[in-house]
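Visitor: I am new to this structure. Please take me through it in questions and answers.

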Amino acid sequence: MEAIQAKNYYESLDKVKNIWHANKRSNFYYKEYIRYDAILKKIPKTTQKVLDLGCGDGILSCRIAEKGHQVTSFDLSLNRLKRFKEQAEKLNIQQIEGDIANVDLPTESFDLIV
């Protein structure tokens with residue numbers, strides 16, 4: 001999938017999947033939170049800087065930041081980054097719009113990438 005097609009696809013998800021407003025009893029919500037909990041359990045407490053590559057709606061980024069880690073959220077969809085902009089600001093999460101095929105971040109600037 002080319003970058004423009006991928007961007008259009010992920011921007012379209014903004015209208016279809018919204019974890020921030022999902023029914024908490026839905027299968028979608030349940031599966032997402034089970035996945036997030038599994039990831040959170042694997043993050044060592046000593047980890048400081050985390051890159052959430054392909055962060056989507058940012059729920060995982062926020063949950064990681066709430067655990068005290070410094071988080072950078074990276075996603076192709078500006079609309080999805082905007083969805084959690086307010087929470088990101090409260091939790092000091094840096095947001096970057098970009099294509100994961102062309103990540104231009106300093107080498108070894110993160111302790112963990114999810």
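Guide: Helices (H or I, at least four residues) and strands (E, at least two) are DSSP runs, numbered from the N terminus. This is a predicted model, in which local features need pLDDT of at least 70, side-chain atom pairs count only at pLDDT 80 or more, and totals for chains, interfaces and linings use all residues. Residues are numbered from 1 along each chain as its sequence is written, and side-chain values use heavy atoms, with hydrogens and water left out.

Visitor: In what order do the elements of the protein run from the N terminus on?
Guide: The secondary structure comes to five helices and four strands. From the N terminus on, the order of these elements is α-α-β-α-β-α-α-β-β.

Visitor: Which strands stand at the edges of the sheet?
Guide: Strands pair if DSSP finds at least two bridges between them. The four strands form an open sheet with parallel pairing, in the order β3-β2-β1-β4. Each edge strand has a single partner, so one side of it is left without a neighbour in the sheet; these strands are β3 (94-97) and β4 (112-113).

Visitor: Which residue in β2 stands opposite V50?
Guide: Strand β1 (residues 49-53) pairs with strand β2 (residues 70-75) in the parallel sense, over five bridges. Opposite V50 in β2 stands V71.

Visitor: At about what angle does helix α3 run to β2?
Guide: Axes are lines fitted to C-alpha atoms, for helices over the stretch in contact (heavy atoms within 4.5 Å). Angles run from 0 to 180 degrees between N-to-C directions. Helix α3 (residues 59-66) lies across β1 and β2, and its angle to β2 is about 170°.

Visitor: Of the two rings in the aromatic pair, is Y36 buried or exposed?
Guide: The structure holds one aromatic pair (ring centres of Phe, Tyr or Trp, the last by its six-membered ring, within 6.5 Å; planes under 30 degrees apart are stacked, over 60 edge-to-face, the rest tilted). The ring centres of Y33 and Y36 are 5.6 Å apart and the planes are at 75°, so the pair is edge-to-face. Both residues lie in helix α2 (residues 27-42), three residues apart, about one turn of the helix. Buried means under 20% relative accessible area, exposed over 50% and partly exposed in between (1.4 Å probe, protein chains only); Y33, at 22%, is partly exposed, while Y36, at 7%, is buried.

Visitor: Which residue forms a salt bridge with R80?
Guide: A salt bridge is a side-chain nitrogen of Lys or Arg within 4 Å of a carboxyl oxygen of Asp or Glu, and the structure holds five. One of them links distant parts of the chain, 23 residues apart: R80 is in helix α4 (residues 78-83), and D57 is in the loop between β1 and α3. R80 is buried at 10% relative accessible area, and D57 is buried at 5%. The closest N and O atoms are 3.0 Å apart, and the partner of R80 is D57.

Visitor: Which residues are linked in a network with D57?
Guide: This network is made of salt bridges. Linked in it with D57 are R80 and R83.

Visitor: Which residue forms a salt bridge with K90?
Guide: K90 and its partner both lie in helix α5, four residues apart, about one turn of the helix. K90 is exposed, with a relative accessible area of 62%, and the partner is exposed too, with 51%. The closest N and O atoms are 3.4 Å apart, and the partner is E86.
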